[in-house]
Amino acid sequence: MKKLITFALATACCLSVSGGTVKAYADSPEKTNCKASYVCDAESGTVISAENETKRLPIASMCKIMTLLLSFEAVDDGQLSFEEEITVSENASGMGGSQVFLGTGLVYNAEQLMKTVAVCSANDSCVALAERVAGSESAFVERMNARAKALGAENTLFANCTGLPKEPQYSCAKDVALMLRELIKHQKYFEFSKVWLEDFAHPDGRTTQITNTNKLTRFYEGCDGGKTGFTNEAGFCLAATAKRNDMRLISVVIGADSSKGRFNLIRKSFDYGFSAYENAVLLKAGEKATTVPVKGSRTQVVDLCAEHDLSAFSKKGETGNLTVEYSVPECVKAPLKEGDRVGEAILYRDGVEIARVAICSMQTAERFSWWDALQESARNWN
């Protein structure tokens with residue numbers, strides 16, 4: 001069964017789908033004073049602007065986006081828990097560069113370590129997590145490269161989990177944005193990334209004050225995550241995300257000439273994106289979208305809602321003709337639990353699919369008991 005809803009909004013849109021990436025042919029912000037940049041909508045991946053976005057470049061500590069992603073996914077898979085205690089090796093505690101000064105042989109929980117990676121870019125915490133998740137940093141790096149490949153990050157090669165100089169390793173602005181898009185699907189990440197200043201307590205009684213390296217989390221409205229990076233080779237780098245109302249953007253800068261410069265470039269890209277683009281939410285997560293009949297239950301019909309928001313990102317005034325098509329069965333069989341996926345809602349712009357979302361049951365429909373079935377049969381007989 002398919003249901004069709006049409007939204008006629010504004011004029012024809014200048015969006016197209018190419019190789020799985022939605023591209024926006026729009027006016028871009030001014031040229032950036034950096035080696036590469038990339039700005040996109042976090043939900044759809046629609047590109048707002050790009051400059052040298054696939055050029056292979058060193059990205060310094062922005063590679064920790066992948067380190068965090070694999071750590072969160074290890075928790076998702078049950079291989080790790082936030083509460084699990086991790087003993088720090090001499091190798092991990094000996095990492096140079098930015099660190100939180102973990103003590104060799106001391107025990108910290110995984111959540112503490114992940115927070116210090118997100119907030120203050122702690123190299124020692126990165127290696128401690130890598131050794132716990134994969135057994136060694138080298139094995140963890142193999143997982144990093146495999147995950148990058150699975151994500152479609154075609155111009156990325158990791159050599160370590162910290163981003164400290166080591167050859168060969170590289171990525172590109174587009175791939176960094178792709179990795180950050182995946183990381184921010186984990187809501188707990190934002191509990192870490194929004195921390196500005198905090199005292200980190202060590203088991204031996206020491207305290208290290210950690211400060212967020214992404215200054216925009218304090219000084220730019222809506223910015224709540226991202227990762228900085230700097231080496232002499234990479235220059236000043238930053239991948240950041242910001243949300244205002246129903247729209248979230250991701251912006252990446254590689255190789256700016258100063259720390260202040262990278263923040264200014266990201267700020268300008270966000271300003272442009274939020275002023276020139278909009279996100280029309282067609283289906284709001286958790287709100288009734290349609291219904292479906294149920295067989296084999298006292299509950300004859302259940303309401304259906306979108307698993308997450310279904311929205312159309314576009315330049316203001318160029319939304320186009322939007323249609324939402326529900327692909328759900330004519331009826332479903334009990335038992336059905338609240339939250340069970342029943343079908344999909346597919347969003348089209350001018351006849352071209354641009355997004356889809358799972359449609360889920362908003363109620364539970366228990367299967368008929370023997371007595372219920374007998375009564376139903378008698379009712380139908382009469």
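Which residue caps the N-terminal end of α3? Asn109 does: a side-chain oxygen lies 3.2 Å from the backbone nitrogen of Glu111.

## Basis of the model

This is a predicted model, in which local features need pLDDT of at least 70 and side-chain atom pairs count only at pLDDT 80 or more, while totals for chains, interfaces and linings use all residues. Residues are numbered from 1 along each chain as its sequence is written, and side-chain values use heavy atoms, with hydrogens and water left out.

Helices (H or I, at least four residues) and strands (E, at least two) are DSSP runs, numbered from the N terminus. Buried means under 20% relative accessible area, exposed over 50%, and partly exposed in between (1.4 Å probe, protein chains only).

## Helix α3 and Ser121

Helix α3 covers residues 110-120. It is mostly covered, with 9 of its 11 residues buried. These are Ala110, Leu113, Met114, Lys115, Thr116, Val117, Ala118, Val119 and Cys120.

Ser121 follows α3 and has a positive phi, near 60 degrees. Ser121 sits in the loop between α3 and α4 (123-134). Ser121 counts as buried because its relative accessible area is 3%. The side chain of Ser121 makes two kinds of link worth listing. One is a polar contact with the side chain of Ser61, at 3.4 Å. Another joins the side chains of Ser121 and Lys64 at 2.7 Å. A polar contact here is a pair of N or O atoms within 3.5 Å; within protein, one must be able to donate a hydrogen and the other to accept it, and residues adjacent in sequence count only if both atoms are side-chain atoms.

Contact in general means heavy atoms within 4.5 Å. Leaving aside neighbours within four places in sequence, Ser121 is in contact with Ser61, Lys64, Ser98, Thr116 and Lys227.

## Helices α1 and α9

Lys64, a polar partner of Ser121, is also one of the buried residues of α1. The others are Ile65, Met66, Thr67, Leu68, Leu69, Leu70, Ser71, Phe72, Glu73, Ala74 and Val75. With 12 of its 13 residues buried, α1 is largely enclosed by the rest of the structure. Just after α1, Gly78 takes a positive phi of about 80 degrees.

The expected span of a helix is 1.5 Å times one less than its number of residues. For the 13 residues of α1 that gives 18 Å, and the end C-alpha atoms are 18 Å apart, which agrees. Helix α9 (residues 259-276) has 18 residues, an expected span of 26 Å and end C-alpha atoms 26 Å apart, so it agrees as well. Buried residues of α9 are Gly261, Arg262, Phe263, Leu265, Ile266, Ser269, Phe270, Tyr272, Gly273, Phe274 and Ala276.

## Arg248 in strand β12

Arg248 belongs to strand β12 (residues 247-256). It counts as buried because its relative accessibility is 15%. The side chain of Arg248 makes a polar contact with the side chain of Asp224, at 2.8 Å.

Not counting residues up to four places away in sequence, Arg248 touches Cys40, Asp41, Ala42, Ile184, Phe190, Asp224, Thr241, Ala242 and Lys243.

## Ser297 and the loop at Pro335

Ser297 lies in the loop between β14 (288-295) and β15 (301-306). Its relative accessible area is 5%, so Ser297 is buried. The side chain of Ser297 reaches the backbone nitrogen of Thr299 at 3.0 Å. A polar atom of that side chain also lies 2.7 Å from the backbone oxygen of Glu366.

Beyond neighbours within four places in sequence, Ser297 is in contact with Ala334, Ala365, Glu366 and Phe368. Ala334 is joined to Pro335 by a cis peptide bond, with omega about 5 degrees. Pro335 lies in the loop between β18 (332-333) and β19 (341-349). The C-alpha atoms of Ser297 and Leu336 are separated by 9.1 Å, though they are 39 residues apart along the chain.

## Other backbone features

A cis peptide bond also joins Glu167 and Pro168, with omega about -10 degrees. Pro168 is in the loop between α5 (137-151) and α6 (173-183).

Asn52 has a positive phi near 55 degrees, in a residue other than glycine. Asn52 is found in the loop between β5 (47-51) and α1 (64-76). At 40% relative accessibility, Asn52 counts as partly exposed. Phe101 has a positive phi too, near 65 degrees. Phe101 lies in the loop between α2 (90-93) and β7 (107-109), and is partly exposed, with a relative accessible area of 46%.
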